[in-house]
Amino acid sequence: MTPFFKIDSRIETAADNALNRCKEQFADIERITEFNQLKVQKAFIDNGISESHFVSSTGYGYGDRGRETLDKVWAQVLCAEDALVRHNFVCGTHTLSTALFGVLRPGDTMLCVTGTPYDTIHGVIGITGEGMGSLKDFGVKYEEVPLLDEKPDLEAIFNAVNIDTTMVYIQRSRGYELRPSLTIDEIEKIVKTAKSKNPKVIVMVDNCYGEFVEKREPLEVGADLIAGSMIKNAGGGIATTGGYIAGRHDLVEKCSYRLTTPGLGKEVGATLSMNRELFMGLFYAPHTVGEALKSAVFISALFDSFGYATTPKYNEKRADIVQSLGLENEESLVAFCQGVQSGSPVDSFVLPEPWDMPGYDSKVVMAAGAFTLGSSIELSADAPIREPFYAWIQGGLNFHSAKICALLAAQQMLDKGLLKGI
């Protein structure tokens, strides 16, 4: 297969067979990628993007036309009234937190309708971390609707929403759960269910890992506010930091007051030479997401052929870039992540080991040899060390580099006598 890496011939044969199984899925991904690339390209053209939009600003950043136009481009791409795209969102959790604190007020009720949200948002809501300044500390009430058979329970959502429900919160991606990520069609059903009970309720979607996976985004099916990270799908592997919030103008404006200060909002904020990479990241995002999806489909097909549980299956409809593998025990889980790391372009010499990662309730092993630290659109594989010992794989800047990492992961497991099916 390659003169550069030593891969057992049995793994090479399994990889060839997996690629043949993926042809139809790859063709579907190409069609979606082309649609989204053209959508982004049209937004650049409609907004007259030029070299002048990449100029840096300092200090207060007054009149930064690049910053202002970037918001307009993102708003058009996401079918939003307004957008807030900034390099000073430090991560996805910070972006989500800014949106939640920007919109919710003391006495309001936030209802999460996709079960308990991702681990790092617990401290924001107040599920953990008493006294840290959470929404709970500021008098915002939190309720949730559990999933039913790993799907949103529309009847329970209808019963839970009432006139006092301020926000319905949807987590599109699975996080460290095995439930399927939500398709846009499923999000549309939740929106219709919630708004049929309370037309004024704000529907917010954590859109992380979901951008450009389908032809539509949550705002197109009635969501009021979405947020995501620029070092995941939205930044295309080019943006080195940042996040975005998009949706109704009045809600985005409130979020901007939380990010900066009331009365100033979006009008300030030096861009510090970041405009170019944020524009370029968006331009590359549809293609990069397509490569990540191909990588996930291939990994699913390959490890399915070895006899491991995979979710989603290689031929299932996808709603995000995340692929989960049931590796059955801690040793296989760690070996898989170490194999992925060994093929990474950055820090390939590092040997990942489980550690107490901030924001998580158990040790986590993480393979992430990335050009941008923590980037989830570059290939990464991580997992909490707890039963049922699943690995969560995200990203892949290009399919071919992700493919060799998957083969090296299988090789590492084989070398340790852990790989099934061979």
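Which side chain does a polar contact join to that of Glu 211?

## Glu 211 and its surroundings

The partner is Tyr 244, and the two side chains come to 2.5 Å in that polar contact. Keep in mind that this is a predicted model. Glu 211 sits in the loop between strand S5 (202-206) and strand S6 (225-229).

What's curious here is the charge. Glu 211 is buried, yet it has no salt bridge. Arg 172 is the nearest side chain of opposite charge, at 6.3 Å, and a salt bridge would need a nitrogen within 4 Å of a carboxyl oxygen. Arg 172 still turns up among the contacts of Glu 211 once neighbours within four places in sequence are set aside. The others on that list are Glu 217, Gly 228, Ser 229, Asn 233, Ala 234, Tyr 244 and Val 289.

## Helix H10, wrapped up

Helix H10 covers residues 330-342, and its length checks out: 13 residues at 1.5 Å each should span 18 Å, and the end C-alpha atoms are indeed 18 Å apart. Of those 13 residues, 10 are buried, so H10 is largely enclosed by the rest of the structure. The buried ones are Ser 332, Leu 333, Val 334, Ala 335, Phe 336, Cys 337, Gln 338, Gly 339, Val 340 and Gln 341.

So what do they pack against? Two helices are on the list, H9 (275-305) and H11 (399-415), along with strands S9 (323-326), S10 (364-367), S11 (380-384) and S12 (390-394). At the N-terminal end, Asn 329 acts as the cap, with a side-chain oxygen 3.2 Å from the backbone nitrogen of Glu 331.

Just ahead of that cap is an odd backbone angle. Glu 328, in the loop between S9 and H10, has a positive phi of about 80° despite not being a glycine. With 43% relative accessibility, this residue counts as partly exposed.

## The nonpolar cores

The largest nonpolar core has 104 residues, and the members touching the most others are Trp 74, Val 168, Phe 298, Leu 302, Phe 303 and Phe 336. H9 is the top contributor to this core, giving 13 residues. There's also a second, separate core of 26 residues, with Leu 84, Ile 121, Tyr 169 and Val 252 among its members.

Phe 336 links back to the previous section, as one of the buried residues of H10. Leu 302, for its part, touches Ala 14, Ala 15, Ala 18, Ala 406 and Leu 407, leaving out residues up to four places away in sequence.

## Two cis prolines

Which residues precede the prolines at the cis peptide bonds? One is Thr 311, joined to Pro 312 with omega about 0°. Pro 312 lies in the loop between strand S8 (309-311) and S9. The other is Glu 387, joined to Pro 388 with omega about 10°.

Pro 388 belongs to the loop between S11 and S12, and that loop also holds Phe 389. Phe 389 has its own quirk: a phi near 60°, positive in a residue that isn't glycine. At 15% relative accessibility, Phe 389 counts as buried.

## Phe 158 in helix H6

Is Phe 158 buried or partly exposed? Its relative accessibility is 36%, so it counts as partly exposed. Phe 158 is part of helix H6 (residues 154-160), and beyond residues up to four places away in sequence it touches Thr 193, Ser 196 and Lys 197. Val 221 is 63 residues from Phe 158 along the chain, and their C-alpha atoms are separated by 18 Å.

Technical notes
Residues are numbered from 1 along each chain as its sequence is written. This is a predicted model: local features need pLDDT of at least 70, side-chain atom pairs count only at pLDDT 80 or more; totals for chains, interfaces and linings use all residues. Side-chain values use heavy atoms; hydrogens and water are left out. Helices (H or I, at least four residues) and strands (E, at least two) are DSSP runs, numbered from the N terminus. The expected span of a helix is 1.5 Å times one less than its number of residues. Buried means under 20% relative accessible area, exposed over 50%, partly exposed in between (1.4 Å probe, protein chains only). Contact means heavy atoms within 4.5 Å. A polar contact is a pair of N or O atoms within 3.5 Å; within protein, one must be able to donate a hydrogen and the other to accept it, and residues adjacent in sequence count only if both atoms are side-chain atoms. Lys and Arg count as positive and Asp and Glu as negative; His and the chain ends are not counted. A nonpolar core is a set of buried Ala, Val, Leu, Ile, Met, Phe, Trp, Tyr and Cys residues joined through side-chain atoms within 4.5 Å.
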